[in-house]
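Biologist: I would like to learn how to read a structure by looking at it piece by piece. Could you take me through this one?

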Amino acid sequence: MADVLRSRIASGLLASMVFVFAAVAKEAPPAAEDPVLEKKMMRIAAELRCLVCQNETIAASHADLAADLREQVRRMLKEGRSEEQIVRYMTERYGDFVLYRPPMKGTTLLLWFGPVVLLVGGLAVLVIVLRRRNRLSDDRFEPDEPEAPDEGTTR
Amino acid sequence: MRSLRFIIPLLVFAALLFFLFRGLKLDPREVPSPLIDKPAPGFTLTRLDDATRTIRRDDMLGKVWLLNVWASWCVACRQEHPTLVALAQTRAAPIVGLNYKDTRPEGLAWLGQFGNPYDVSAFDQDGRVGIDFGVYGVPETFVIDKNGLVRFKHIGPLTPEIVQTKIQPLLRQLNG
């Protein structure tokens, strides 16, 4: 008896889950007309930043602007533009920030090399200070407290 | 020179603090426009209120004007609307609207409901003129001078403060 009830509940649950998923499932996006062009477009799109969701590329972002810019890249590829021309088109309108990888320029040298320089500098200071301390004679340092078996008593 | 050992790390720390606070003040949503001091992109669009007539960038040459990007679906545009209407009433400069990715009926209804500060609105249905202007967050406002060069861009809703401290002085300067 309990088995029949359990299997009825299970199939009821399963059926309602199917309905729920069907309700939220969207139509699959239309297949691209030209898969080669689409791949090229996605490759370029992965190098461009979505200015709305700034940590995403326009390849990944769901924002309207990202969809518009992907369409623009597609259009330019169909016209026969090169990747360099397309990227320049974008930076002319949105500035260097639209490049997902910051360009190597005078103004971005600090961005690229700053952290490494600070790290190396910090390590160098550490090594120098430790070496210097190593060379000092022992009486420059406070003596280690000898282990006392009864810590609680007064001196 | 014992104090030197303490001063140098302190200076380095102070420098780091300086950069930290400067960085905290910067807003990454405000991407600087590469169009400043460059010619405003040319466009030819139909008017929002009349699909048989066109409005072009070149129609505005010789005048200092504002281009305001707006849409009926844009909530922040409603926020700046009173400021824009007030600015239009001062007649400091013509304001051209760029109706971005909207429909004619909705755009016109929005103007009817909230008021129309624009001398004319251009209908940019697919947003391609917006892309030329580097639009990424509606509303955006541009100040363009008599020679057609972009001199100022503001991203986000206009406030009376921005109008008073940035736009009006610039308009006075450009108008000579």
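Biologist: What kind of unit do S3(B), helix H2 and S4(B) make?

Modeller: One thing to keep in mind from the start is that this is a predicted model. S3(B), helix H2 (residues 75–90) of chain B and S4(B) make a β-α-β unit that is right-handed. To read the hand, point the strands away from you; the path from the first strand over the helix to the second then runs clockwise.

Biologist: How do the strands S3(B) and S4(B) run, and how many bridges join them?

Modeller: S3(B) and strand S4 (residues 95–100) of chain B run parallel and are joined by five bridges. To find one such bridge, look at B:Trp70, whose partner in S4(B) is B:Asn99.

Biologist: In which sense does S3(B) pair with S6(B)?

Modeller: With strand S6 (residues 140–144) of chain B, the pairing is antiparallel, over five bridges. Here you can look for B:Leu66, which stands opposite B:Val143 in S6(B).

Biologist: Are the residues of strand S3 of chain B buried or exposed?

Modeller: Six of the six residues in this strand (65–70) are buried. Now check the strand face by face: B:Trp65, B:Leu67 and B:Val69 lie on one side, B:Leu66, B:Asn68 and B:Trp70 on the other, and both faces are covered.

Biologist: Let us turn to the aromatic rings. How many aromatic pairs does a search of the whole structure find?

Modeller: Over all chains, the search finds six. Take B:Trp110 and B:Phe114: their ring centres are 5.3 Å apart and their planes meet at 55°, so this pair is tilted.

Biologist: Where do B:Trp110 and B:Phe114 lie in helix H3 of chain B?

Modeller: They are four residues apart in that helix (residues 104–114), so about one helical turn separates them. The two residues can also be read by accessibility, where under 20% means buried. B:Trp110 counts as buried because its relative accessibility is 5%, while B:Phe114, at 30%, is partly exposed. Both belong to one aromatic cluster with B:Trp70 and B:Tyr118. B:Trp70 is the residue we met in S3(B), on the side with B:Leu66 and B:Asn68.

Biologist: And chain A: how many helices and strands are there?

Modeller: Chain A has five helices and zero strands, giving the order α-α-α-α-α from the N terminus on. Of its 155 residues, 23% are buried.

Biologist: Which rings in chain A have the charged end of an arginine over them?

Modeller: A:Phe97 has the charged end of A:Arg49 over its ring, 4.2 Å from the centre. Over the ring of A:Tyr89 sits the charged end of A:Arg93, 3.7 Å from the centre.

Biologist: Next, the open spaces. What volume does the largest pocket have?

Modeller: Its volume is about 660 Å³. The pocket is lined by 17 residues, and the closest to its centre are A:Val125, A:Val129, A:Arg132, B:Arg5 and B:Pro9. Two elements give two or more residues to this lining: helix H5 (109–135) of chain A and helix H1 (2–25) of chain B. H5(A) gives the most, with eight residues.

Biologist: How many cavities of 30 Å³ or more does the structure hold?

Modeller: It holds one, and the volume of the largest cavity is about 40 Å³. Residues of both chains line this cavity, including A:Leu51, A:Arg93, A:Tyr94, B:Pro32, B:Tyr136 and B:Lys153. You will recognise A:Arg93, whose charged end sits over the ring of A:Tyr89.

Methods:
Residues numbered from 1 in each chain as written. Chains lettered and ligands numbered in written order. Predicted model: local features only at pLDDT ≥ 70, side-chain atom pairs only at ≥ 80, totals over all residues. Heavy atoms only, no water. Buried < 20%, exposed > 50% of the residue type's maximum accessible area, 1.4 Å probe, protein only. Pairing = 2+ DSSP bridges. Phe/Tyr/Trp six-rings, centres within 6.5 Å; stacked < 30°, edge-to-face > 60°. Lys NZ or Arg CZ within 6 Å of the ring centre and 35° of its normal. 1 Å grid on protein atoms, 1.4 Å probe; cavity = no way out; pocket = protein on both sides within 12 Å on 5 of 7 lines; lining within 4 Å. Points joined across faces, edges and corners; volume = space filled by probe spheres on them.
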